[in-house]
Amino acid sequence: MELKTIKKEVSKSVTKMRVTGAEAVIHCLLAEGVDTLYGYPGGAIMPVYDELYKFSDRLHHVLTRHEQGAIHAAQGYARVSGRVGVAMATSGPGATNLVTGLADAQIDSTPLVCITGQVARHLLGSDAFQETDIVGISMPVTKWNFQITKAAEIPEVIAKAFYIARSGRPGPVLIDITKNAQFEEFDFEYSKCTAVRSYKPAPAVDARQLEKAAEAINQAKRPFIVWGQGILLGKAEEELKALVEKTGIPAAWTIMGASALPTDHPLNVGMVGMHGNYAPNVLTNECDVLIALGMRFDDRVTGDLNTYAKQAKVLHFEIDPAEVNKNVKADVPVLGDVKESLTRLLPLLGAKKHEAWHEKFKEGYATEFEEVIRHDLFPEKDGLTMGEVINAINKSSGNKAVMVSDVGQHQMITCRYARFEQSHSNITSGGLGTMGFALPAAIGAKMGAPEREVVAIAGDGGYQMTIQELGTIFQLGLPVKIVVLNNEFLGMVRQWQQLFFEKRYASTNMVNPDFVTIAKGYHIPAERVTKREDLNAAVERMIKSETAYFLEVMVEKEDNVFPMIPSGASVSDIRLK
């Protein structure tokens with residue numbers, strides 16, 4: 001896309017002055033209100049780091065221990081604060097180490113601006129030292145990317161990057177800057193980008209579609225709401241609450257939508273998806289109107305599409321037209337910003353209670369409690385369960401902690417049993433399922449919401465993928481709490497091997513190091529819990545600690561996460577054991 005396609009209002013943030021390209025990068029970040037960024041220096045980005053050094057009183061750079069740690073930290077910062085996360089790296093391996101985080105942010109709609117250094121313009125295509133075509137590599141996993149080869153391009157491109165990253169359905173943007181462009185001088189001025197030709201961040205809401213949706217909802221006997229992260233991204237939590245309370249419609253969430261409505265709200269009926277709650281999964285195939293709010297019908301939510309909600313009229317409220325009719329056909333698509341859509345929908349709806357329909361959800365919960373929840377939270381066996389650890393954290397934190405989970409069994413258990421009273425409290429890798437996400441994302445989450453308790457929940461496998469970020473926590477003196485639920489297995493893979501591969505535990509048994517000693521090596525207080533009678537006191541010490549704290553809990557080695565919808569099965573075929 002040519003730069004001339006950018007249309008801007010006159011909104012000068014910095015008066016014209018003579019600067020280098022490297023200095024211009026810093027002025028652009030400051031003009032966009034950036035106060036924190038994460039990164040790792042190297043030769044091709046060194047001019048920018050040199051200028052960053054001069055502005056360290058205004059722009060806080062966090063030196064992570066790996067570029068993947070930098071981008072996951074930027075994600076955690078963005079997810080908690082609602083601001084654009086910023087990460088920076090050098091060329092070659094520095095840039096390619098960002099790719100996993102870019103893919104993660106792309107599928108989970110996280111607003112990021114990533115800046116990479118590149119070899120000088122005259123060396124492009126010559127296989128110069130640490131030259132990699134990061135623009136080509138990152139194209140499939142970014143919302144937009146661009147390579148800057150002239151210093152004068154920097155203000156316009158960075159302005160466009162921030163606008164694209166945060167507008168509409170958010171996502172990651174990558175800007176690659178050649179080294180010559182960082183050294184060149186030019187007359188700098190900055191204007192924030194307010195529009196890009198042919199790019200429509202939010203489609204206009206169609207009043208006729210709203211009327212059709214309202215008619216369907218008002219006539220429904222068994223309506224059901226499933227909301228996703230779009231509610232959080234659209235800042236529509238209050239509108240969601242008003243909707244369910246006026247209409248009396250039971251509402252369930254995807255893992256990315258968790259915490260938009262308080263867990264204990266009487267109309268919150270739980271989580272949908274592969275390891276979601278029994279009632280909302282089964283009753284998806286019994287509702288007569290399915291109202292999807294800011295969610296994309298991911299395969300982990302729908303199971304077998306051939307059997308998913310075929311009896312229901314589907315109303316899909318969505319900002320991204322590409323998601324409508326992609327997986328599930330919408331009878332009434334309502335395109336546009338979900339906050340605006342719900343605000344305009346509410347006056348069209350009648351007040352109802354749907355009491356008999358609610359009883360079905362209560363019956364399903366009672367069944368799940370007896371078969372699953374009671375054993376997870378109040379076990380009678382000797383070994384500790386992951387569920388009772390999460391329950392202990394709930395109690396000690398007063399249900400107010402930001403829970404940053406990694407990927408695996410502990411992730412599903414955390415999403416199932418964490419209690420949330422406040423929005424933006426569940427931070428996890430949803431669509432990509434990135435092991436190693438939790439520890440660096442917790443760093444960013446704590447910096448994005450320093451007043452909140454932030455607890456990273458990891459398994460013994462994923463934790464070791466980014467364990468080096470303990471060094472970042474130590475250097476920052478950041479009071480992040482870290483919990484490793486250690487079952488000495490790659491637990492989720494082992495569960496599948498047990499259920500579907502006749503217990504052939506191929507390459508899933510973990511021989512782990514002494515995690516407590518490692519944490520203490522980074523001067524982080526640490527302890528290990530092996531007995532139930534020691535759990536609550538240890539969690540209480542962790543939560544009350546004014547510094548970072550590491551807690552390892554040895555849990556049952558072969559515990560499984562239920563309920564479970566087998567891969568490719570119908571949501572009606574959910575297993576309780």
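A crossing of two helices is left-handed if the near helix is turned anticlockwise from the far one by less than a right angle, and right-handed if clockwise. The structure is a predicted model, in which local features need pLDDT of at least 70 and side-chain atom pairs count only at pLDDT 80 or more, while totals for chains, interfaces and linings use all residues. Residues are numbered from 1 along each chain as its sequence is written, and side-chain values use heavy atoms, with hydrogens and water left out.

**Exercise 1. Describe how helices α11 and α14 cross, and state which residues make the contact.**

Solution.
Step 1. Helices (H or I, at least four residues) and strands (E, at least two) are DSSP runs numbered from the N terminus. Helix α11 spans residues 237–247 and helix α14 spans residues 338–345.
Step 2. Axes are lines fitted to C-alpha atoms, for helices over the stretch in contact, and angles run from 0 to 180 degrees between N-to-C directions. The two axes come within 9 Å and cross at roughly 30°; the crossing of α11 and α14 is left-handed.
Step 3. With contact taken as heavy atoms within 4.5 Å, α11 contributes Glu 239, Leu 240 and Leu 243, and α14 contributes Lys 339, Leu 342, Thr 343 and Leu 345.

**Exercise 2. Identify the buried residues of α14 and explain why they lie on the same side of the helix.**

Solution.
Step 1. Buried means under 20% relative accessible area, exposed over 50%, and partly exposed in between (1.4 Å probe, protein chains only). In α14 the buried residues are Val 338, Ser 341, Leu 342 and Leu 345.
Step 2. They lie on the same side of α14 because they cover an arc of only 90° around the axis. The arc is that of the directions from the helix axis to the C-beta atoms.
Step 3. The elements against which these buried residues pack include α9 (207–219), α11 and β15 (313–318).
Step 4. At the start of α14, the backbone nitrogen of Lys 339 has a side-chain oxygen of Asp 337 within 3.1 Å.

**Exercise 3. Follow α5 into the loop after it, and compare Ser 109 with Ser 198: which is buried and which is exposed?**

Solution.
Step 1. Helix α5 (residues 99–107) has buried residues Val 99, Gly 101, Leu 102, Ala 103, Asp 104 and Ala 105. Among the elements covering them are α3 (67–81) and β6 (112–118).
Step 2. Ser 109 is found in the loop between α5 and β6. Its phi is near 55°, a positive value in a residue other than glycine, and Ser 109 is buried, with a relative accessible area of 5%.
Step 3. Ser 198 is placed in the loop between β10 (195–196) and α9. Ser 198 also is not a glycine and has a positive phi of about 75°, but Ser 198 is exposed at 70% relative accessible area.

**Exercise 4. Describe the surroundings of Asn 560 in the segment after β22.**

Solution.
Step 1. Asn 560 follows β22 (549–554) and is buried, with a relative accessible area of 16%.
Step 2. A polar contact is a pair of N or O atoms within 3.5 Å; within protein, one must be able to donate a hydrogen and the other to accept it, and residues adjacent in sequence count only if both atoms are side-chain atoms. The side chain of Asn 560 has such a contact of 2.5 Å with that of Arg 494 and another of 3.3 Å with that of Gln 498.
Step 3. Pro 563 is also found in the segment after β22; the peptide bond from Phe 562 to Pro 563 is cis, with omega near 0°.
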